[in-house]
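Here are my comments on the model you asked me to read through. Please keep the sequence and the structure open beside them while you go from point to point.

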Amino acid sequence: MAQEHCAIMGGYLAFPMNAEENSFINQMAKNQQVWLGGDLIGHNGIFFTSGSAPEGDRAIVQTFWRSGEPNNPVIEQCIQMLSGAVWNDRGCALLYSFVCQFPYAGACVGLPHPAFPDLKCFKKV
Ligand SMILES: [Ca+2]
């Protein structure tokens, strides 16, 4: 559902590709739990990005799992960010806020953030 909501607005579920983006998404989320655009559905136990990012889905290389996570690949197939900008695998059907990422600057007033010269911007929904 979060994924579809972002798509309607022309974006996709945000996913951090490095520590700086991870921290920035956490700031956008006001340090609260949010869904990230990653899951392992149909990927043979490997987490992939999801959500129709322009560059396409890809295997997630750099991770920020909370200690002990991911801990349940059978039931918890989506990724949420917890307070502290650490990740937890979680059942995809649960309802949480989420952060959309947009591939062009005009989608977000006041963005992109100076740290993202590639014009990606992020928006909490
Ligand atoms: Ca978990």
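1. The loop between β3 (48–49) and β4 is a good place to begin, since P70 is found there. In this predicted model, the peptide bond that joins E69 to P70 is cis, with an omega of about -5 degrees. As background, most peptide bonds are trans, and most residues other than glycine have a negative phi.

2. That background also helps with two residues whose phi is positive although neither is a glycine, namely K30, at about 55 degrees, and N44, near 55 degrees. K30 belongs to the loop between α2 and β2, whereas N44 sits in the loop between β2 and β3. Are these residues buried or exposed? K30 counts as exposed because it has 10 C-beta neighbours inside 10 Å, and the cut-off for exposed is 12 or fewer. N44 is exposed as well, because 6 other C-beta atoms lie within 10 Å of its own.

3. Turning to the interior, the largest nonpolar core holds 23 residues, and those that touch the most other members are L13, L36, V99 and C100. Two or more residues of this core come from each of α1 (2–8), β1 (12–13), α2 (19–28), β2 (34–39), β4 (78–81) and β6 (97–102). Which of these elements gives the most? It is β6, which contributes four residues to the core.

4. Helix α2 also contains N22, a residue that is worth following in the display. N22 is classed as partly exposed because 19 other C-beta atoms lie within 10 Å, while a buried residue would need 20 or more. Leaving aside residues up to four places away in sequence, N22 touches P16, F64 and A85. N22 can also be compared with T63, since the two are 41 residues apart in sequence, yet their C-alpha atoms are 9.4 Å apart in space.

5. Finally, please read the model with its confidence values in mind. The mean pLDDT of the protein is 84, and 78% of the residues reach 70 or more. Among the elements, strand β5 (residues 87–90) has the highest mean pLDDT, at 98, and strand β7 (residues 121–124) the lowest, at 68. Over residues 115–119 the pLDDT stays under 50, and for this stretch the model has six contacts beyond four places in sequence.

How values were computed: Residues are numbered from 1 along each chain as its sequence is written. This is a predicted model: local features need pLDDT of at least 70, side-chain atom pairs count only at pLDDT 80 or more; totals for chains, interfaces and linings use all residues. A nonpolar core is a set of buried Ala, Val, Leu, Ile, Met, Phe, Trp, Tyr and Cys residues joined through C-beta atoms within 7 Å. pLDDT is the predictor's confidence in each residue, from 0 to 100. Two residues are in contact if their C-beta atoms, placed from the backbone, lie within 7 Å.
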